[in-house]
Structures are given as C-alpha cells and as structure tokens.
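Colleague: I would like to go through this structure and hear what stands behind each term you use for it. Please give the value and the cut-off each time.

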2 protein chains.
Amino acid sequence: MVEQSEQSEVSIWLRPARSGRGPAPAFDRDRLAEAGVALADAQGLAAVTMRAVAQSLGSAPASLYRYVATRDELVELMSDRVNAEISYAYLGAGDWLDDLLALAREARAVCLRHPWLLDVLAAGAPVGPRTLAYLDRCLACLAELPLGGKEKLEAVAVLQSLVASLARAELAKELDAAEPPPWRRARDAYLRHAAATGDYPHLTAALKSAGPPGSKSADELFDRIITRALRGLLA
Amino acid sequence: MVEQSEQSEVSIWLRPARSGRGPAPAFDRDRLAEAGVALADAQGLAAVTMRAVAQSLGSAPASLYRYVATRDELVELMSDRVNAEISYAYLGAGDWLDDLLALAREARAVCLRHPWLLDVLAAGAPVGPRTLAYLDRCLACLAELPLGGKEKLEAVAVLQSLVASLARAELAKELDAAEPPPWRRARDAYLRHAAATGDYPHLTAALKSAGPPGSKSADELFDRIITRALRGLLA
DNA sequence: TGTTTCTGCGATCGCTGTTCGCAGTATCGT
DNA sequence: ACGATACTGCGAACAGCGATCGCAGAAACA
C-alpha cells in the first residue's frame with residue numbers, strides 16, 4: 001500500500017467522487033448541493049450547517065465529510081449548481097454588447113433568486129464547471145475586441161462585480177419594503193433620531209421629501225448602468 | 001426600582017456609554033474599535049474575535065460585553081471608525097459630479113486600506129455618525145438635481161455599491177499578484193486543467209495570450225467607470 | 001473465501017458568541 | 001459621614017459550530 005497522496009489542497013472538481021471499492025454512497029455531490037441550496041434559499045447562508053444539511057438529508061451530523069472536505073467546498077458546490085439556471089437562449093441576436101448584456105441579465109436573475117449567492121461571491125469567487133461555462137460565454141462576446149487575454153478576464157471580473165453590486169442594491173431596496181428585520185428597526189430609529197438633530201441637513205431633507213414615484217423600473221436602470229459602465233470599461 | 005427598559009433592540013449609537021454610577025470603565029468604545037480595526041487590518045475580519053480583541057486590550061475574554069451588546073455592534077463601531085479617514089478637502093472645486101467623484105475616490109481609498117470593510121458593507125451597511133456625515137456630503141452633491149429624496153438616497157446607495165465592487169475587483173487583482181493563498185493554488189490548478197480540456201475555448205485562449213501590459217491605471221479606470229455609471233444612473 | 005477499501009455512525013476536540021454570578025468600587029442621596 | 005445603589009472587571013460556564021478519529025459493517029476485487 002503506497003502512501004495515499006494528500007488529496008487535500010486539490011480542488012473538489014478534480015477529485016473523483018468515489019474510487020470503486022466499498023459500498024455505494026447514499027448520495028452524490030449534487031444532492032448535497034441541492035439540499036444546501038434549499039436551506040440557504042429558505043433561511044440564509046448561515047443556516048447551511050454541516051449538521052443541518054446532514055439532517056435534511058436524513059444522515060448523521062458529520063456524515064457530509066465523506067463527500068466534501070470542508071464546508072467551503074459544500075458552498076462551492078452550491079455556488080456552481082445555481083449556474084445551471086442560466087439560459088443562453090437569447091444570445092446571438094445582436095452585437096457583442098447585446099449578448100454581454102443578456103448574460104449580465106441572466107446572472108442578475110440568479111443572484112436575485114438566491115441572495116446568499118452574493119455573500120459567496122463576495123468572499124472570493126469559487127470556480128466550478130458551470131461557472132466556467134458562463135465565464136466562457138462572456139469571454140466569447142469579447143472575442144473580436146482588440147484586447148489582451150488578461151484584460152478580457154479582468155473586464156469580465158469587473159462586470160461580475162458590477163452585476164453583484166447592483167443585485168445587492170436591488171435586494172436591499174426590496175428588503176426595506178418588506179417586514180422589518182429585528183436589527184433594522186434599531187437602525188431606522190437611529191436614522192430618524194439623527195435626521196432630527198439637524199447635523200445632517202441633506203439627509204434630513206432627503207428623508208422628508210416623498211418625491212414622485214420611482215419613474216424608472218429596476219430592469220431599465222440595470223441595463224443602463226451596465227451598458228454605460230461596460231463602455232467606460234472597454235472603450 | 002422600576003423595571004429597566006429593555007435596552008436591547010436599540011442601536012448602540014443611541015445607547016449612552018455609561019450611566020454615571022460605579023467605577024470608570026477601563027476603555028471607551030472608540031478604543032475597542034481601534035483594537036478591532038488593527039486586528040482586522042492585520043489578519044482579516046475573522047480574526048476579530050471577542051476574545052482576541054479583549055486580549056489585545058489586556059482584558060478578560062468576555063469583558064467586551066460591558067461595552068457592546070454583541071459582536072456585530074463591535075464591527076459596527078469599527079465600520080464607522082474608519083470613516084474618520086475620509087478627507088473632505090477636495091470638495092467644492094468643480095461641479096457636483098466632480099465632488100461626487102472625489103467622495104467616491106475617498107471611499108475607495110478607505111476600502112483599499114481596510115479590505116475587511118467590504119465584507120462588512122456586503123452584509124447590510126451599518127450606519128454610524130461618521131458614516132452619516134459621509135452620506136450627507138454625497139446627498140449635498142445631488143441637492144440641486146431635480147430628483148425626489150428617495151431617488152437621491154437610492155442613487156447614493158448604488159454609488160456605494162459600485163465603489164465597493166470596484167474596490168473588491170482591485171483587491172482581487174492585487175491578491176492574484178501576491179503570494180498564493182492556500183486555496184488559490186487549488187483553484188488555479190483546476191483552472192489550468194479546465195483550460196486544457198478544451199471545453200472552454202475562449203477561456204483557454206484568454207489564459208494563453210499574455211497580451212500587452214495593462215494600458216490604463218486602476219485610478220483612471222475607476223474614475224471612468226464611476227463617472228459613466230453615474231451619468232447612466234442620474235441622467 | 002479472504003483481503004481490501006470504502007461506507008455511515010457516534011464520540012470528541014477546539015473554537016466561537018454569549019450568559020451569568022461574584023466580589024469590588026465609585027458615585028449618589030441623605 | 002455613611003449606607004444604598006449601580007456600575008465595574010473577572011472567571012466559569014453553555015450551546016453551537018467546523019472538523020477529526022476510530023469503529024463496525026458491507027461491497028468489490030483477488
């Protein structure tokens with residue numbers, strides 16, 4: 001028996017799921033990811049506990065470590081899995097900028113459907129096969145531009161950041177309209193107090209004026225900002 | 001003795017630091033924030049443990065709870081404290097867009113100096129007096145624009161998101177150039193493998209081509225993207 | 001059939017945020 | 001001046017987390 005090569009420090013995407021011997025595993029990796037996504041969608045990323053996911057699968061508290069080396073790997077599986085929701089149907093209708101915008105829209109939709117994904121992407125974007133497929137499509141849009149490879153990669157990275165940040169802003173606005181989370185009441189109370197002190201005149205004014213109803217839809221705003229930022233980035 | 005009103009659920013900024021009786025506290029809140037910032041700058045936000053901060057202050061493991069109700073409040077103090085680094089010296093030289101850009105540059109600098117701040121802002125922006133001062137300055141730039149109060153607030157929120165995302169992209173690029181973190185080696189190994197399979201042709205091409213050295217500086221790129229996005233957002 | 005190698009399981013470790021009771025001390029009311 | 005009050009810092013403790021390890025059993029190979 002040769003010493004087993006340290007299978008740590010190697011990405012989960014390069015590690016085979018099983019090695020043929022022994023009893024068949026009860027689940028596969030995608031089943032783990034599915035359970036994790038369900039939990040995260042319902043109760044946030046913090047609820048995705050090794051114990052909780054294992055329980056939702058009807059398994060022992062620490063059983064997930066047979067499939068995954070660490071919790072971060074589980075999150076990586078989840079993060080890659082949601083990329084399967086991306087549709088590439090609307091591509092090729094217009095020029096490269098239209099295609100890129102369509103891809104950005106798809107990514108935005110995924111982020112809005114799975115808010116926890118923003119937290120994941122914020123902590124260093126993990127990379128899986130479906131994520132790479134999306135990345136490749138983005139790069140394809142940039143193929144004919146007179147840019148170096150590194151510049152294209154960088155541009156796509158910035159685009160991803162922009163999409164994430166806009167999606168985050170939308171979600172924050174959405175949450176503001178919804179039921180007050182526990183700590184948001186405290187925040188708003190302080191905000192009202194601060195506005196009443198007069199130390200922040202413009203803030204006070206902005207909070208008072210109701211203003212006309214938001215004229216532009218979120219979709220329209222998203223398109224416009226992304227388009228202009230891309231032009232500034234690439235031209 | 002009347003029942004003490006539940007001082008929970010009220011923002012730390014509205015809660016008085018001490019109530020006059022008893023011995024004087026060993027520190028004040030800003031001292032906590034200072035220690036926390038030092039720790040986060042050196043070893044990341046995860047290193048900001050109640051125990052670690054207490055130890056760096058030479059105090060007992062759980063002593064911080066005399067000053068702060070929860071760890072999140074400590075982080076809130078830290079988040080507000082770094083806003084003191086923002087300089088408002090370059091304001092008023094040009095039109096409102098120049099001022100807004102100058103403010104965005106300052107915020108970007110703070111984010112680059114304290115990378116952990118991005119993690120904090122990502123999880124629902126906390127609000128303190130110095131943060132509100134910055135926010136008020138931003139709103140002042142928009143004062144003469146024909147926009148409703150809510151729209152102005154929203155615009156500033158989006159601007160903040162954009163600044164954060166661009167700073168994040170810059171930091172990521174910076175980290176790529178630096179020493180390989182433990183898990184980044186694994187990620188890059190998978191990326192090379194994926195590029196070698198031929199499933200992602202454009203990715204493969206982009207990784208191969210060295211390309212010309214990045215022509216534009218990060219500062220220039222930041223200004224350009226922010227300016228264009230702002231025009232798309234406000235006009 | 002016997003060996004090998006995997007499986008799921010339970011106990012356990014160290015670390016985290018947080019709570020609680022204790023003894024001491026500075027301020028207030030009289 | 002002096003007790004009552006209300007705070008202080010301190011240390012022990014609890015529940016929950018990610019992660020490790022050794023165990024008994026089962027499937028695949030020789």
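Modeller: Contact means heavy atoms within 4.5 Å. Please keep in mind that this is a predicted model.

Colleague: What makes a residue part of the contact between chain A and chain B, and how many residues does each chain give?

Modeller: A residue belongs to the contact because it has a heavy atom within 4.5 Å of the other chain. On that test, 58 residues come from chain A and 58 residues from chain B.

Colleague: How do you know how much area chain A and chain B bury between them?

Modeller: The size of an interface is often given as the accessible area lost when the parts come together. Summed over both chains, the buried area is about 5000 Å², with 67% of it on carbon and sulfur atoms.

Colleague: Why are Lys173(B) and Glu154(A) called a salt bridge?

Modeller: The cut-off is 4 Å between a side-chain nitrogen of Lys or Arg and a carboxyl oxygen of Asp or Glu. For Lys173(B) and Glu154(A) the N to O distance is 3.6 Å, which is within 4 Å, so the pair is a salt bridge. The count between chain A and chain B is two salt bridges. Polar contacts between chain A and chain B number 10 residue pairs, both residues being at pLDDT 80 or more.

Colleague: Which elements make up the side of chain A that touches chain B?

Modeller: Those giving two or more residues are helix 6 (129-141), helix 7 (149-177), helix 8 (182-197), helix 9 (201-208) and helix 10 (218-234) of chain A. Helix 7 of chain A has the largest share, 13 residues. By class, this side of chain A holds 34 nonpolar, 12 polar and 12 charged residues.

Colleague: What makes the relation between chain A and chain B that of a two-fold axis?

Modeller: Two copies of a chain are related by a rotation about an axis and a shift along it. Here the rotation is 180° and the shift along the axis is 0.0 Å, superposing chain A on chain B with an RMSD of 0.1 Å. That is why the relation is that of a two-fold axis. The same surface serves both copies, since 100% of the contact residues of chain A recur in chain B.

Colleague: Which residues are closest to DNA strand D, and how do you know that Arg51(A) makes a polar contact with DNA strand D?

Modeller: DNA strand D is surrounded by 26 residues, and the closest are Thr49(A), Thr70(A), Arg71(A), Arg66(B) and Tyr67(B). Of the atoms of DNA strand D that come within 4 Å of the protein, 58% belong to sugar and phosphate. An N or O atom in the side chain of Arg51(A) is 2.7 Å from a base nitrogen of DNA strand D. The cut-off is 3.5 Å, so the pair is a polar contact. A backbone N or O atom of Met50(A) lies 3.2 Å from a phosphate oxygen of DNA strand D.

Colleague: What does Ser59(A) reach on DNA strand C, and at what distance?

Modeller: A polar side-chain atom of Ser59(A) lies 2.9 Å from a phosphate oxygen of DNA strand C. With a cut-off of 3.5 Å, this is therefore a polar contact. A polar backbone atom of Arg71(B) is 2.7 Å from a phosphate oxygen of DNA strand C. By class, the surface near DNA strand C has 11 nonpolar, seven polar and six charged residues.

Definitions and conventions:
Residues numbered from 1 in each chain as written. Chains lettered and ligands numbered in written order. Predicted model: local features only at pLDDT ≥ 70, side-chain atom pairs only at ≥ 80, totals over all residues. Heavy atoms only, no water. Buried area = accessible area lost by both parts, 1.4 Å probe. Polar contact = N/O pair within 3.5 Å; in protein donor to acceptor, adjacent residues only side chain to side chain. Helix = DSSP H or I, 4+ residues; strand = E, 2+ residues; numbered from the N terminus. Nonpolar A, V, L, I, M, F, W, Y, C, P; charged D, E, K, R; others polar. Near = heavy atom within 4 Å. Least-squares fit on C-alpha atoms with pLDDT ≥ 70 in both.
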